[in-house]
Amino acid sequence: MSSSAPPPPAPEGRGTVSGPVAMRAVNRSALLGALFLMATSAIGPGFITQTANFTVQLGAAFAFAIVVSIVVDIAVQLNVWRIVGVSGLKAHELGNRVLPGLGWFIAVLVAVGGLVFNIGNTAGGGLGLDALLGLDPTWGGIITALIAVGVFVSKRAGVALDRIVVVLGLVMILVTTYVAFVSRPPVGEALRSVVLPENVSFLVITTLIGGTVGGYITYAGAHRIVDAGITGVENVKQISRSSVIGIVVTGVMRFLLFLAILGVVAGGAQLAGENLAAQAFQSAAGEVGLRLFGLILWAASISSVIGAAYTSVSFVTTSRTRPRTRNLLTVVFILVSATVFVLLGQAPSTLLIVAGAVNGLILPLGFAVLLWVAWRRRDLLGGYRYPVWLAALGTAVWLLTIYLGVQSLSGIAALWS
């Protein structure tokens with residue numbers, strides 16, 4: 001790598017490894033954790049709220065929006081992970097290399113947005129434990145935050161982080177698969193709508209993109225691989241493959257949740273009010289369904305608390321910040337979010353949807369910086385010749401995100417009114 005980019009930091013929180021076999025095992029574990037960190041950061045309370053509301057609104061036609069968002073998300077993450085991974089620099093560090101101060105401006109946007117979302121994530125944890133165990137939502141939110149804090153005060157925080165997000169991600173997928181099976185959705189109609197939708201909504205597509213790769217979520221996995229020391233040209237294939245798998249995991253969860261709710265709607269159930277997903281799960285599987293919804297909501301919420309806190313703090317630190325310092329700051333971030341949650345209470349569903357759409361508008365700024373590095377700053381990539389086709393694809397998607405964002409402005413205004 002060139003002298004303009006610092007060498008990748010040593011893998012943190014993983015103990016001592018020796019030999020190529022051991023190192024490959026550590027890398028696989030870290031990459032698996034990074035891709036699930038990205039996926040589970042996206043699968044939060046807002047993700048569940050969006051999917052439920054849009055399934056009720058669009059029916060089977062929602063499948064088209066899901067597929068389009070997945071394609072766009074893959075193009076975004078392929079570029080983000082590769083640029084950040086090869087450079088060994090986090091997104092705000094690259095931004096400061098491109099234009100002094102720009103990276104810190106982006107960092108403030110991401111960190112403030114992450115704090116807002118984390119209040120909602122903590123509230124979602126409280127609602128999840130309420131549905132699962134009948135626990136008071138406020139106490140449920142506090143317990144959720146304290147468990148998340150436990151991850152970062154662990155002596156091996158890196159390992160704890162990687163493992164818990166994998167477990168939570170698998171739990172959500174398995175439970176949602178069960179509910180999707182018992183709700184008996186019209187799978188054929190959903191698949192047909194992937195290519196022949198009856199309705200196309202720019203607001204819905206933009207909101208899905210913003211909720212999956214917007215704000216802090218865009219950088220969660222990429223920053224994790226930098227902290228784990230998986231950087232440089234020699235790791236390009238692993239980095240790229242993991243970025244795609246992470247989006248696929250998110251897409252699978254979205255589609256399974258969509259099918260679970262679609263089956264209930266197609267069966268004639270009338271869903272109305274604030275918590276459509278809970279109603280759908282209860283309609284599909286009775287009391288057990290409601291408890292399973294609580295489990296999914298709690299798993300989605302605590303994984304997003306962890307992801308939002310970790311990534312937001314990664315934007316106010318650098319690659320050279322000591323892991324212990326970074327973990328302590330993350331603990332403070334979680335505790336501040338929990339305190340605000342206790343003082344203000346729960347965020348309404350509409351606010352979560354609006355926040356996702358606004359993230360879709362913020363996305364083009366940070367992505368533009370990374371694409372500039374890909375096209376013009378080979379020195380920041382250690383002399384690596386960035387694939388023209390991938391940079392061109394990223395640029396096309398960047399233009400698409402701008403177009404979708406403009407199209408969604410009227411829809412966002414309508415949600416606020």
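Let's start with helix α9, which is mostly covered: 11 of its 12 residues are buried. One thing to keep in mind throughout is that we are looking at a predicted model. The helix runs over residues 202-213. Its buried residues include Leu203, Val204, Ile205, Leu208 and Ile209, and also the glycines Gly210 and Gly211. From the first C-alpha to the last, α9 reaches 16 Å, close to the 16 Å expected at 1.5 Å a residue.

Have a look at the two ends as well. At the start of α9, Ser201 points a side-chain oxygen to within 3.2 Å of the backbone nitrogen of Val204. Just after the helix comes Gly215, with a positive phi of about 60 degrees.

Now please turn to helix α2, residues 45-58. How many of its 14 residues are buried? The count is 12, so α2 is largely enclosed by the rest of the structure. Among the buried ones are Pro45, Phe47, Gln50, Asn53, Phe54 and Leu58. The end C-alpha atoms of α2 are 20 Å apart, and that agrees with the 20 Å its 14 residues should span at 1.5 Å a residue. Just after α2, Gly59 takes a positive phi of about 70 degrees.

Two of the phenylalanines in α2 lead us on to the rings. Take Phe47: the charged end of Arg254 sits over its ring, 3.9 Å from the centre. Phe54, for its part, joins Phe62, Phe255 and Phe258 in one aromatic cluster.

So what about aromatic pairs? Searching the whole structure turns up 7 of them. One is Phe62 with Phe258, an edge-to-face pair with 5.7 Å from centre to centre and 75 degrees between the planes. Why does this pair tie together parts that are far along the chain from each other, 196 residues apart in sequence? Because Phe62 lies in helix α3, residues 62-87, while Phe258 lies in helix α11, residues 236-266. Are these two rings buried or exposed? Both Phe62 and Phe258 are buried.

My last stop is Tyr384 and Tyr386. Their ring centres are 6.2 Å apart and their planes stand at 85 degrees, so this pair is edge-to-face. Planes over 60 degrees apart are what earns that name. Tyr384 is buried, with a relative accessible area of 14%, and Tyr386 is buried too, at 7%.

To recap the tour: we saw α9 with 11 of 12 residues buried, α2 with 12 of 14, and an aromatic cluster that includes Phe54 and Phe62. Thanks, everyone!

Notes. Residues are numbered from 1 along each chain as its sequence is written. This is a predicted model: local features need pLDDT of at least 70, side-chain atom pairs count only at pLDDT 80 or more; totals for chains, interfaces and linings use all residues. Side-chain values use heavy atoms; hydrogens and water are left out. Rings of Phe, Tyr and Trp (its six-membered ring) pair if their centres lie within 6.5 Å; planes under 30 degrees apart count as stacked, over 60 as edge-to-face and the rest as tilted. Helices (H or I, at least four residues) and strands (E, at least two) are DSSP runs, numbered from the N terminus. Buried means under 20% relative accessible area, exposed over 50%, partly exposed in between (1.4 Å probe, protein chains only). A charge sits over a ring if NZ of Lys or CZ of Arg is within 6 Å of the ring centre and within 35 degrees of the ring normal. The expected span of a helix is 1.5 Å times one less than its number of residues. A polar contact is a pair of N or O atoms within 3.5 Å; within protein, one must be able to donate a hydrogen and the other to accept it, and residues adjacent in sequence count only if both atoms are side-chain atoms.
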